[in-house]
Amino acid sequence: MTNTKPLASLSLDLDNLWSYMKTHADPGWETFPSYLDLVVPRILSFLKERNLLITFFIVGQDAALEKNRAALKSLAEAGHEIGHHSFNHEPWLHLYTEEQIEAEIIRAEEVIENVTGRKPIGFRGPGYSVSQTVIDVLIRRGYQYDASTLPTYIGPLARLYYFMTTRLNKEEKSKRDNLFGSIQDGFRPVKPYLWPHKSEGSGRQMVEIPVTTMPIFKIPFHVSYIIYIGSFSPALALLYFKFALRMCRLTGTHPSLLLHPLDFLGRDDIKELAFFPSMNLSKDEKLKMVSEVLRLYADYYKVVTMHEHAREVLAVAGFPKQAASKSS
Ligand SMILES: [Zn+2]
């Protein structure tokens, strides 16, 4: 029975304390305060107990600081895949010029490889920020997949809620005007697909694995959302998650589920993030919920890294056109 399970991926965006403070424009982020020493060992032992190997998307700025070295190195040593989550974690990455994007990607790549010994082959944009130019740079640099899109219509709503909790000025707001995505993002596919390079006929393309939202309804169900619902009713949260998985099965969607460090941190851990949804819960309440969610996920699916998921997408889609035309 177990070997007939369909495949699904699991990843974690290793957003650090400072990156939340920076997006929220809170003072003090400039010294890059870190909770990695606290949260990384907690996440690693949690995953080990459940025999899960996943993909960690790492921020270059964290890898550039000596204080985070041991924590980041331990991720690779535990056998997890290391992905690229930009250098500066600026959700307005899509506003950069092509040169800036390239410099940002190379800079993070170098420090991440330096610390973990692994060169990332997968990318997730900060705050689901991506553009054709980002994709072109990634393809040029030999990346195998991108995982930056969040196909949902509720991005603008999430942004509105976020702005209500901040005191951003007009310029800061306009930089963040794509935070959590635009209405157009709702029209993006939920299932993985091949995203071509801008120059038509080049045959160059890469796998896009969207953060899965509920098929048809396109409402997010990544773990932070489940926990948020769970802060009102844990039973309802699990029901919602089960329904999302059922929708995936009905539509033949292989999901890619997303975790965040805050899914493993409670009000007892981090005072600076009190403004954040679900930070009213304790660490134990959160861990219990994550545990339930991942148990259901692993019951339905064979849980793999993003890289493995991308390989399967390619195997099903066939080789990129360039390779196919050589053999025909
Ligand atoms: Zn992030």
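The following paragraphs describe the zinc site, the aromatic contacts, a nonpolar surface patch and two backbone features of a predicted model.

Local features were accepted at pLDDT of at least 70 and side-chain atom pairs only at pLDDT 80 or more, whereas totals for chains, interfaces and linings use all residues. Residues are numbered from 1 along each chain as its sequence is written, and side-chain values use heavy atoms, without hydrogens and water.

The zinc ion is coordinated at 2.0 to 2.7 Å by D15, which appears twice through OD atoms, and by NE2 of H85 and of H89. Donors are N, O and S atoms within 2.8 Å of the metal (3.2 Å for Na, K and Ca); water is not among the atoms, so sites may look incomplete. Along the chain the donors follow the spacing D-x69-H-x3-H. Distant parts of the chain are thereby linked: D15 belongs to the loop between strand 1 (7–13) and helix 1 (17–23), and H89, 74 residues apart from it, to the loop between strand 3 (81–84) and helix 5 (98–116). Helices (H or I, at least four residues) and strands (E, at least two) are DSSP runs, numbered from the N terminus. D15 and H89 are both buried, where buried denotes under 20% relative accessible area, exposed over 50%, and partly exposed the range in between (1.4 Å probe, protein chains only).

S86 is placed in the loop between strand 3 and helix 5. Its phi is positive, at about 75°, although S86 is not a glycine; most residues other than glycine have a negative phi. With 1% relative accessibility, S86 counts as buried. A positive phi, near 55°, also occurs at K218, in the loop between strand 7 (205–208) and helix 9 (223–230). K218 counts as buried at 13% relative accessibility.

The count of aromatic pairs comes to 11, a pair being Phe, Tyr or Trp rings (for Trp, the six-membered ring) with centres within 6.5 Å; planes under 30 degrees apart count as stacked, over 60 as edge-to-face and the rest as tilted. The rings of F241 and Y297 have centres 6.4 Å apart and planes at 50°, so this pair is tilted. F241 lies in helix 10 and Y297 in helix 11 (residues 283–300), so the pair ties together parts that are 56 residues apart in sequence. Both residues, F241 and Y297, are buried. One aromatic cluster is formed by F221, F241, Y297, Y300 and Y301.

Helix 10 (residues 234–250) also holds F243, which is partly exposed, with a relative accessible area of 37%.
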